[in-house]
Amino acid sequence: MPGIRLEHVTKIYHNGARGISGTLEADLSIRQGEFVFVVGDHGSGKSTLLELIAGEIEPDRGCIWLGGANLTRMRAAEAARYRSCIGAVLEDSELRRTETIFKNLASTGRLEYLKDKLFNRPRIEKALSLVGMPGSAERHPPELTSSECRRVELARAIWRSPSILVLDALTERADDDTIWDMLHLLTALNKRGTTVIMSAGDGSYGSMLGKRVVTLRDGRIAGNIQRG
């Protein structure tokens with residue numbers, strides 16, 4: 001399982017509908033098997049940092065390393081193969097409203113979807129059960145609450161057993177019981193070797209779980225508390 005390193009990374013971004021521009025500048029290393037909370041106020045750069053790590057956006061300057069591979073210097077197809085070890089839940093929901101939950105979790109290509117339907121359906125249904133959504137495979141996203149949709153997205157991120165999970169705004173609008181259920185699941189996956197990187201409004205969950213907390217402020221790393 002590869003570690004992650006952001007080396008002199010700079011990204012210029014826009015903060016939501018207000019169109020306020022900002023800059024993220026980060027040097028950060030995350031060892032394989034770590035559980036890291038990225039915390040900070042709204043607009044501090046958390047989502048931008050996690051999108052960079054997940055490979056959803058590219059830095060304007062600097063390099064992102066996955067193991068010994070420099071993702072920013074690879075061709076798109078080669079980088080995609082490396083990023084296949086990452087499962088992600090990003091800030092904006094990516095669930096297709098007109099498709100069933102199973103179709104949202106299964107591959108989009110026709111041949112891959114048929115393979116998932118024939119061979120991987122038990123794994124998909126197990127992932128839905130793990131996130132507290134058993135029996136929901138044939139439901140549609142509009143039938144679910146926003147919290148339930150986030151759990152479905154977590155199931156989509158974990159069912160292929162990626163070595164790295166990047167999770168943004170996963171616990172927003174969830175009640176305390178749901179949050180702790182998800183954190184217990186993520187802790188169990190982390191104990192089996194999965195690297196977990198997730199955002200939070202503050203470091204309280206990281207402190208209670210004894211995990212590393214990286215604090216962002218105005219697009220800069222303002223704190224990096226390592227525990228355990």
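**Exercise 1. Decide whether Tyr-205 is buried or exposed in this predicted model.**

Solution. Start with the relative accessible area of Tyr-205, which is 18%. Compare it with the cut-off: buried means under 20%. Tyr-205 therefore counts as buried. Now try Trp-180, with a relative accessibility of 27%. The partly exposed class runs between the buried cut-off of 20% and the exposed cut-off of 50%. Trp-180 therefore counts as partly exposed.

**Exercise 2. Find how many aromatic pairs the structure holds, and classify each by its ring geometry.**

Solution. The count is two. Take Phe-35 and Phe-37: their ring centres lie 5.1 Å apart, and their planes meet at 20 degrees. Planes under 30 degrees apart count as stacked. This pair is therefore stacked. Next, check how covered its members are. Phe-35 has a relative accessibility of 4%, so Phe-35 is buried. Phe-37 has 1%, so Phe-37 is buried as well.

Turn to the pair of Trp-180 and Tyr-205. The centre-to-centre distance is 5.5 Å, and the planes stand at 75 degrees. An angle over 60 degrees counts as edge-to-face. That is the class of the pair formed by Trp-180 and Tyr-205.

Now place these two residues. Trp-180 belongs to helix α6, residues 176–191. Tyr-205 belongs to helix α7, residues 204–209. Because they sit 25 residues apart in sequence, their pairing ties together separate parts of the chain.

**Exercise 3. Work out whether the protein is as compact as a globular protein of its length.**

Solution. Begin with the parts list: seven helices and ten strands. Then compare two radii. The radius of gyration is 17 Å, and the globule rule gives 17 Å for 228 residues. The two are close, so the protein is as compact as a globular protein of that length. Add the dimensions: the C-alpha trace spans about 45 × 40 × 40 Å along its principal axes. Finish with cover and contacts. Of the 228 residues, 50% count as buried. Among contacts with a separation of 6 or more, 68% join residues 24 or more positions apart.

**Exercise 4. Describe the outer surface and the charges of the protein.**

Solution. The accessible surface is about 11,700 Å². Carbon and sulfur atoms account for 48% of that area. Next, the charges: 32 are positive and 29 are negative. The mean positions of these two sets lie 5 Å apart.

**Exercise 5. Find which residues Thr-10 touches beyond its sequence neighbours.**

Solution. Locate Thr-10: strand β1, residues 4–15. Its relative accessibility is 8%, so Thr-10 counts as buried. Skip the neighbours within four places in sequence. What remains is Thr-23, Leu-24, Glu-25, Pro-59, Asp-60 and Arg-61. Now measure across to Leu-49, 39 residues away along the chain: the C-alpha atoms of Thr-10 and Leu-49 are separated by 9.8 Å.

**Exercise 6. Work out how many residues of helix α1 are buried, and what follows the helix.**

Solution. Helix α1 covers residues 46–54. Eight of its nine residues are buried, which makes α1 mostly covered. Among them are Leu-49, Leu-50, Leu-52 and Ile-53. Lys-46 is also one of the buried residues. After α1 comes Gly-55, with a positive phi near 80 degrees.

**Exercise 7. Compare the surroundings of Ala-169 and Asp-218, starting from their phi angles.**

Solution. Recall the rule: most residues other than glycine have a negative phi. Then read the angles. Phi is near 55 degrees for Ala-169, a positive value. Phi is near 55 degrees for Asp-218 too, again positive.

Now look at the setting of Ala-169. It lies in the loop between β7 (164–167) and α6. With 9% relative accessibility, Ala-169 is buried. Beyond its neighbours within four places, Ala-169 contacts Glu-91, Arg-150 and Ser-199. Its C-alpha lies 6.7 Å from that of Ala-200, 31 residues away in sequence.

Last, Asp-218. This residue sits in the loop between β9 (212–217) and β10 (220–225). Its relative accessible area is 62%, so Asp-218 is exposed. The contrast: Ala-169 is buried, whereas Asp-218 is exposed.

How values were computed: Residues are numbered from 1 along each chain as its sequence is written. This is a predicted model: local features need pLDDT of at least 70, side-chain atom pairs count only at pLDDT 80 or more; totals for chains, interfaces and linings use all residues. Side-chain values use heavy atoms; hydrogens and water are left out. Helices (H or I, at least four residues) and strands (E, at least two) are DSSP runs, numbered from the N terminus. The radius of gyration is taken over C-alpha atoms; the globule rule is 2.2 Å times the number of residues to the power 0.38. Buried means under 20% relative accessible area, exposed over 50%, partly exposed in between (1.4 Å probe, protein chains only). Contact means heavy atoms within 4.5 Å. Accessible areas come from the Shrake-Rupley method with a 1.4 Å probe; for residues, only the protein chains shown count as cover. Lys and Arg count as positive and Asp and Glu as negative; His and the chain ends are not counted. The place of a charge is taken as NZ of Lys, CZ of Arg, CG of Asp or CD of Glu. Rings of Phe, Tyr and Trp (its six-membered ring) pair if their centres lie within 6.5 Å; planes under 30 degrees apart count as stacked, over 60 as edge-to-face and the rest as tilted.
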